[in-house]
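Reader: Before we talk about any label, I would like to have the sequence and the structure in view, and then ask what each label rests on.

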Amino acid sequence: MPVIAGAGRFCGGGLKQGARWPTLAFAIIVFWHRPNDPPQPPRFDMHELSLCQGIIDILETEASKQHFVRVRKVRLLVGPLAGVDREALRFGFDAVSRDTIAQGAELEFIDTPGLAWCFACDRTVEIDQYYDPCPGCGGHRLKVTGGEEFRILDLEVE
Ligand SMILES: [Zn+2]
């Protein structure tokens, strides 16, 4: 049982012979509340989870409007500045879509470029993340103009 194993590890070398139940219970509580527990791979992020729930909501709404019963594929437009962890999103989607019309549906990501207007170069340049310098002049006087999008592009349904 993992809890007991964890409690043993926490105590460093296993529980002493004759440890009383309150001691054991305390160890278990401390184990559960350890703040630095490493996240279990794959990461299951609340942000991605709520995005997945949002996608499912849209799919359900569209399904009742357009009369389809199953979603085979969802193509998502994602910019590099959208702050979306794709692996976490895939993982979250698999979990959230269970017992819905999108169960087993494939997620496909369509990349959009990260774009910014450089005031020094007086032109649009491409960036990979926020606070990147301008690839042309190395300056930081940039205004992001694209790459923050995250939306459903289209669906494959039946
Ligand atoms: Zn520039």
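Reader: Which residue in β6 does Val71 stand opposite?

Author: Val71 stands opposite Val157 in β6, and I should say at once that this is a predicted model. The two strands concerned, β1 (residues 71–78) and β6, pair in the antiparallel sense over seven bridges.

Reader: What makes β1 and β6 count as paired strands?

Author: Two strands pair if at least two bridges are found between them, and β1 and β6 have seven bridges, so the pair meets that definition.

Reader: Why are β2 and β6 said to stand at the edges of the sheet?

Author: The sheet is open and has three strands in the order β2-β1-β6, with mixed pairing. Since β2 (106–111) and β6 (150–157) each have a single partner strand, one side of each is left without a neighbour in the sheet. From one strand to the next, the twist averages 25°.

Reader: How many bridges join β3 to β4, and how many join β3 to β5?

Author: Strand β3 pairs with β4 (residues 123–126) in the antiparallel sense over four bridges, and four bridges also join β3 to β5 (residues 142–146), again running antiparallel. Within these pairs, Cys118 has Arg123 of β4 as its bridge partner, while Leu115 stands opposite Gly146 in β5. The hairpin of β3 and β4 has four residues between the strands, and in it Asp122 takes a positive phi near 60°.

Reader: Which side chains of β3 point to one face and are buried, and which point to the other?

Author: In β3 (residues 115–118) the side chains of Ala116 and Cys118 point to one face and are buried, whereas those of Leu115 and Trp117 point to the other and are not. The cut-off for calling a residue buried is 20 or more other C-beta atoms within 10 Å of its own, so Ala116 and Cys118 reach that count, and Leu115 and Trp117 do not. Of the 158 residues of the chain, 20% count as buried.

Reader: Which elements give two or more residues to the largest nonpolar core?

Author: That core has 15 residues, and those with the most contacts inside it are Cys52, Ile55, Ile56, Val74 and Ala102. The elements giving two or more residues to this core are α3 (46–66), β1 and α4 (86–96), with the largest share, five residues, coming from α3. Apart from this core lies another, of six residues, including Ala116, Val125, Cys134 and Leu142.

Reader: Why are α3 and α4 called oblique to each other, rather than roughly parallel or roughly perpendicular?

Author: Their axes come within 8 Å and cross at roughly 50°. Angles under 35 degrees count as roughly parallel and those from 65 to 115 as roughly perpendicular; the crossing angle of roughly 50° belongs to neither range, and α3 and α4 are therefore oblique to each other. As for handedness, α3 passes α4 in a right-handed crossing.

Reader: Which residues make the contact between the two helices?

Author: On the α3 side the contact is made by Glu48, Leu49, Leu51, Cys52, Gln53, Ile55 and Ile56, and on the α4 side by Ala88, Leu89, Gly92, Phe93 and Val96. Leaving aside residues up to four places away in sequence, Ile56 touches Val96, Ser97, Thr100 and Ala102.

Notes: Residues numbered from 1 in each chain as written. Predicted model: local features only at pLDDT ≥ 70, side-chain atom pairs only at ≥ 80, totals over all residues. Buried ≥ 20, exposed ≤ 12 C-beta atoms within 10 Å, placed from the backbone. Axes fitted to C-alpha atoms, helices over the stretch in contact; angles between N-to-C directions. Core = buried A, V, L, I, M, F, W, Y, C linked by C-beta atoms within 7 Å. Contact = placed C-beta atoms within 7 Å. Parallel < 35°, antiparallel > 145°, perpendicular 65-115°, else oblique. Left-handed = near helix turned anticlockwise from the far one by under 90°.
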